[in-house]
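Q: Please choose one part of this model and look at it closely, explaining each technical term where it is first needed. I am new to this structure and would like one connected account.

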Amino acid sequence: MDIYSFLSCKENRQVDVVGPLQLALRLQLEFDPTVTAVTERPRYLDVGGKQIELSFWWRHHSGREHFALLIPDRDTLPGPGGRRQPRQIDRLRLAAQDAGIALKLVTEDEVRENAHRAELAFQLLPWLQSAAWLKSDLVMRQEVVATLRRYARCTIDQLQQELAMFPSNHVLIVVAELIYLGVVETDAKRRLVRRSFIWSASR
């Protein structure tokens, strides 16, 4: 099975996950500004005498914590409303209750429904990683935020024209960082392009 690795800015360490399903969810968590910490393969859960390795643990700004188990299609059955559900859903929920943990059962269908978020995160990740080496990052952050507050929203192209005193790729790096931090929002689905709209999240 394929192993995917990337440097997490949220955790300041290398992350290793197994398979595209795990990668997609981990990238979604990485770019969720409400998530403050994430751990891969955090613990095992005893389900009917069998040890099952959980996929992720994460914590929100509120302090609320979640464990998650990713369920591939092969381990699901058709459920109510056409949505698939885990074969052992009752056993898994009971095991989580016995262990005293909040467990989210995340099916492959659910991850695919949000695949666009993972694709966007994958595109923005190298720009985000570059922000740490950008000497003018703080000044550019202030300029980008100030520019966006003057407009209801603007395109990437318009922002780069407004901030023509800075290299255009540096502007993209700062925009990626601000999206990551939840300071800026975008209508970009799978990729951030010149026509993508961005705006201040605190309007």
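A: A residue counts as buried when its relative accessible area is under 20%, as exposed when that area is over 50%, and as partly exposed in between, with a 1.4 Å probe and protein chains only. The model is a predicted one, in which local features need pLDDT of at least 70 and side-chain atom pairs count only at pLDDT 80 or more, while totals for chains, interfaces and linings use all residues. Residues are numbered from 1 along each chain as its sequence is written, and side-chain values use heavy atoms, with hydrogens and water left out.

The part chosen here is helix α4, together with the pocket that it helps to line, and a brief view of the whole chain comes before it. The protein chain has 7 helices and 13 strands, which are DSSP runs numbered from the N terminus (H or I over at least four residues for a helix, E over at least two for a strand). Of its 203 residues, 45% are buried, and the C-alpha trace spans about 65 × 35 × 35 Å along its principal axes. Among the contacts with a separation of 6 or more, 53% join residues that lie 24 or more positions apart, where contact stands for heavy atoms within 4.5 Å.

Helix α4 covers residues 115-130. Its 16 residues should span 22 Å at 1.5 Å a residue, and the 24 Å between its end C-alpha atoms agrees with this; the expected span is 1.5 Å times one less than the number of residues. The helix also has a kink of about 40° at L124, shortly before the proline P126, the bend being the angle between axes fitted to the seven residues ending there and the seven starting there. L124 is itself among the buried residues of α4, as are A118, L120, A121, Q123, L125 and L128. The cover over these buried residues includes strands β1 (3-8) and β12 as well as helices α1 and α7 (168-181).

Helix α1, which is part of that cover, is mostly covered in its turn, with 10 of its 11 residues buried. The buried residues of α1 include charged and polar side chains by name, among them Q22, R26, Q28 and E30, since Asp, Glu, Lys and Arg count as charged, Ala, Val, Leu, Ile, Met, Phe, Trp, Tyr, Cys and Pro as nonpolar, and the others, Gly among them, as polar. Leucines also appear in the buried set of α1, including L21, L23, L25, L27 and L29.

The second largest pocket holds about 360 Å³ of space. A pocket is an open set of points on a 1 Å grid over the protein atoms alone, where a 1.4 Å probe fits and protein lies on both sides within 12 Å along at least five of seven lines, and lining residues have an atom within 4 Å of a point. The points are joined across faces, edges and corners, and the volume is the space filled by probe spheres set on them. This pocket has 16 lining residues, and those nearest its centre are F31, R117, L120, I179 and T186. Helix α4 gives the largest share of the lining, 5 residues, and strand β12 (184-186) likewise supplies at least two. By class, the lining divides into 8 nonpolar, 4 polar and 4 charged residues.

One residue from a loop also meets this helix. R191 sits in the loop between β12 and β13 (197-200) and is exposed, with a relative accessible area of 52%. Leaving aside neighbours within four places in sequence, R191 is in contact with L120, Q123 and S196, and both L120 and Q123 are buried residues of α4. Although R191 and R117 are 74 residues apart in sequence, their C-alpha atoms are 9.1 Å apart in space.

S196 leads on to a strand. T155, in strand β11 (residues 154-155), touches S196 along with R194, R195 and F197, not counting residues up to four places away in sequence. With 12% relative accessibility, T155 counts as buried.
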